[in-house]
Each structure stands twice: as C-alpha cells, then as structure tokens.
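I opened this structure for the first time today and kept short notes. They follow the order in which I looked things up.

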Amino acid sequence: MSKINKHPTVVRYYESSAQSTTLDNETVDYEWIRELCLEAGADDVGVVSIERSELDDQRDDMLSAFPHAKTVISFVARMNREPIRTPARSLANIEFHHTGDKIAEISHHIVSRLEARGIRALNSAVGFPMEMDKFPGKTWVISLKPVAVAAGLGHMGIHRNVIHPKFGNFILLGAIMIDARVNQEDRPIDYNPCLECKLCVAACPVGAIGADGQFNFSSCVTHNYREFMGGFSDLVETIVDSKNVKEYRNEVPITETTSWWQSLSFGANYKAAYCLSVCPAGEDVIGPFLKDRKGFTNDILKPLQAKEETVYVTPGSDAEAYVVKRFPHKTVKRVGNGLRPNTIRLLITLMPHAFQPKQASGLNCTYHFAFTGDETRQTTIDIRDNKLQIRDGFHGKPDIRITVDSKTWLKIVAKEKNVAAALLTRKLRIKGNPKLLMKFEKCFA
C-alpha cells in the first residue's frame, strides 16, 4: 500500500481532491445545473429528486443501474415541426435521428462537466417521448416520460406523448442521474397543454388512440414500431420460415426489405408517429391552428389520412378491423409484433398492453389461472364491459378455472404449442366451458 501511495497518479489525485470544489455531501446549485444544461444545447431543463412519489415505479430501476442516484436532471431538445408533419416519413425519421444525436451530444457534455466537478453521473438512453414502459428487452434505464412530467416539462396528452407547454410535442427527451442533491426542485406544471382536439385520434392509422382516452399499446407498437426490436424478431422468423427466395419475396416485398436495411444501418424508423405530426398544442405551435382550423386540417391531417401505405397489424386485432373500415385505401399486412414474454410475471405485466377491447365485446367472465411448474402463481382475470382487470390470488367465483404448467402456457401464448396438445398431456387442465378459453385468447394480440 505504501508503494501505491507514492505512485504519481495517486499523489496527483490527492492533490486535486484537496482543491476540489465539490464535497461528498454538497448540495449542488439549481441555477448552475440549469445554466450548464442550456449551455450544452438543451431547450428546457427540470430537476427532480428520485425520492419524489411520481417516480415510485421508476426508483428501483434507477438504483439498480446507479445505486448512488439522488437526483434526476430531465431536459428536452426541440425538433423542427415541418419534417415531422410531412407524409414522407423518411424525412420525419431523419429529423428524429438528428435530434436524437443532439440529445446524445448534450448528455455527453453535461456528464463531462459534472464529472469534472466531482459529481458522479449516468445518462439515460436517448428517448422518443412516447416510450413504452416495461417493453420487453428495453435498453433505457428509466422511463423518460414520468421523469419529464415530474420535472415540470409538460404533461402527457391523450396520445401518450409528453407535450411541453411552449414547444408542444415536437421534442425529444433526455435524463441524467447524479449522486448529489440539488438545492431546488421543479414541480409538475399546473395544467395539461393537451387541447383534447382529437386530431391524433383521427390521424392514427391503426386506431390506437381512443376518443375516450383509451390507448391500445399493441396496435401502436405493431405498426409504428414495426422496425424496432419486436418487429425485427418477427422478420427473422419470416426469413427462417420461407422455403426459398420467391416465397420470402412474396411475404416481404423488396421495398420493405430496403426499409429494414435503412433502419438497421441508420437507426430504427417509425412507420407513422402521425399523432405527433398533427398535434397543435404548445404556445409556439398553436397559432396556425387557431387562425384557420379548417386549413390546418386540410394541410396537415388529411394528407396523412389519404396516404396509401402498408399498415401492420396482428391477425384478428382491433387494429385490423379499424384499418379495413376507416382506411380502405391503405394495405393491411398481418404480422407478429414480437411481444413474447419469457416469464409469467412479464406476461401478466404485458397483458393490459396486449388487450383488445373490441375483440372482448360481449364477453363477461371471471378467469382463475393457477400457474404451476417453474413459476407458481394464482391470478384472477376479469373481462367485463370491454375492460380488463387483473388481480393476484383468487377472487370471486370463477366462470372457468385454468390450471397450467407455466412453461406450457408461455409456449401457447407464443404459438409454439396448441391448447389441444397441452390438454392431452395434462399440462393444461380446465374446469368450466372450454369455449371461454378460446374467447380469452382472442382478446389478446
């Protein structure tokens, strides 16, 4: 140890530490943080303690990645509006990618300055403002939307995008966790910038946004996020399933293959994000909408509605029925969405996101699931009035009771095993009307 203490690196460290402007228990100045972020290129900044109640469902993930975290710095970078609004989604995606690169540069600059001052920091992955919480295989440390809302950078509209009070939803989000406390915090703004104008409802090609405020996660992720992780796994399986080149080309046209190449080479592309395109909320954005609503609709909404394009849906989903009825000029393509949970816990977490309310029409039933084998769990699932309720344990009198080996059920969900085979091997046992199980399966995509 004595030799180490005499090493030049160690000697210089102790010399610089003695002169350090930051102590272990220092409270960092809020104005300094804000000035640092704005200087780095952020367009707005908010600060929130990880102890705040708004981050209760995020805290464990934060601390597992960065146990020293005490504060989160949330910031936004503006996007240019016109590229996002054009029906040419290639141009929209260039804007997403350029602003995403800017977020990364901002984060790097901020973290470098913080570390130079002796503050440990960890930046999150770049975040599109419509992130899917608990999406399997997610690579970001924290969900950026609730952090931004808690830090006073806006509220989520009915389209599930964060709307900044000034810049609207034409923003990307970033966040940095630090191991120091800040002497001032931001609070959520006291109103929601969302106008509830329902233009996002009218624009969505898969009907993922309901006029009543409901949101169909599965419909959105299957189409808009087609060229992300879930869609890519489905593409790979399509390639493997194809007997030859001709069969593959029949299933995946050359234009689609080219689009995949672009996503894999330059960054995953969004197929729609039309909800962002048409949103008129925000002080900097609202003017043209207020001056000429009909003109705004004709210029921005209708070209997206009229666009002839392929819309990706899961078979038998609410989205498939919606596209056929609402946009008959668009081409429906049945695909998988890659949502294949590998544990019962994750399956239960994902079920509300995969639920198809319209497919559940007329079904009023209580299901008791007893999972056995590697994962044991008792779960009550109620489907009534096109709504889903999931509770741990058994509650009430069931209309049907399903006892099933956990691995077997996951294979059934992934379409790797059928119900009949599971019944024959006694891996699946049913007490009640089997038709109720068939109806249950149709409610999820």
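Entry 1, aromatic rings. I began with pairs of aromatic rings and found a count of 15 aromatic pairs. The model is a predicted one, and that holds for every entry below. I picked one pair to look at, Phe96 and Tyr270. Their ring centres are 5.0 Å apart and their planes stand at 75 degrees, so I noted the pair as edge-to-face. The cut-off I used for that label is over 60 degrees between the planes.

I then asked where Phe96 and Tyr270 lie. Phe96 is in helix H6, residues 89-116, and Tyr270 is in the loop between helix H12 (254-266) and H13, so the pair ties together parts that are 174 residues apart in sequence.

Entry 2, the sheet beside H6. I followed H6 to see what it crosses, and it lies across S3, S4 and S7. To S7 it runs at about 20 degrees. Those strands belong to an open sheet of four strands, ordered S2-S3-S7-S4, with antiparallel pairing. At the edges I found strand S2 (44-49) and strand S4 (121-123), each of which pairs on one side only. Ignoring direction, neighbouring strands of this sheet are turned by 20 degrees against each other on average.

I checked how S4 is held to strand S7, residues 171-178, and counted three bridges in the antiparallel sense. For Leu122 the bridge partner in S7 is Met177. Helix H3 (residues 30-40) also packs on this sheet, where it touches S2 and strand S3 (71-78). The direction of H3 makes about 140 degrees with that of S2.

Entry 3, the other sheet I looked up. This is an open sheet of five strands with mixed pairing, and I wrote down its order as S13-S12-S11-S14-S15. Its edge strands are strand S13 (387-392) and strand S15 (428-432), which each pair on one side only. From one strand to the next the twist averages 15 degrees.

Within the five-stranded sheet I looked at strand S11 (residues 365-372) and strand S14 (residues 400-405), which pair in the parallel sense over six bridges. Phe371 has Val404 as its bridge partner in S14. I also noted helix H18, residues 406-413, which lies across S11, S14 and S15. Its run makes about 105 degrees with S14.

Entry 4, cavities. How many cavities of 30 Å³ or more does the structure hold? I found two. The largest cavity has a volume of about 120 Å³. Its lining has 14 residues, and those nearest its centre are Cys204, Cys220, Asn224, Ala273 and Cys275. Helix H9 (217-223) and helix H13 (274-278) each supply at least two residues of that lining. I sorted the lining of the largest cavity by class and got 12 nonpolar, two polar and no charged residues.

The second largest cavity holds about 80 Å³ of space. It is lined by 13 residues, with His159, Cys194, Cys197, Cys200 and Cys279 closest to its centre. By class, I have 10 nonpolar, one polar and two charged residues for the lining of the second largest cavity.

Conventions
Residues are numbered from 1 along each chain as its sequence is written. This is a predicted model: local features need pLDDT of at least 70, side-chain atom pairs count only at pLDDT 80 or more; totals for chains, interfaces and linings use all residues. Side-chain values use heavy atoms; hydrogens and water are left out. Two strands pair if DSSP finds at least two bridges between them. Axes are lines fitted to C-alpha atoms, for helices over the stretch in contact, and angles run from 0 to 180 degrees between N-to-C directions. Contact means heavy atoms within 4.5 Å. On a 1 Å grid over the protein atoms alone, a cavity is a set of points where a 1.4 Å probe fits but cannot get out, and a pocket is an open set with protein on both sides within 12 Å along at least five of seven lines; lining residues have an atom within 4 Å of a point. Grid points are joined across faces, edges and corners, and a volume is the space filled by probe spheres set on the points. Ala, Val, Leu, Ile, Met, Phe, Trp, Tyr, Cys and Pro count as nonpolar, Asp, Glu, Lys and Arg as charged, and the others, Gly among them, as polar. Rings of Phe, Tyr and Trp (its six-membered ring) pair if their centres lie within 6.5 Å; planes under 30 degrees apart count as stacked, over 60 as edge-to-face and the rest as tilted.
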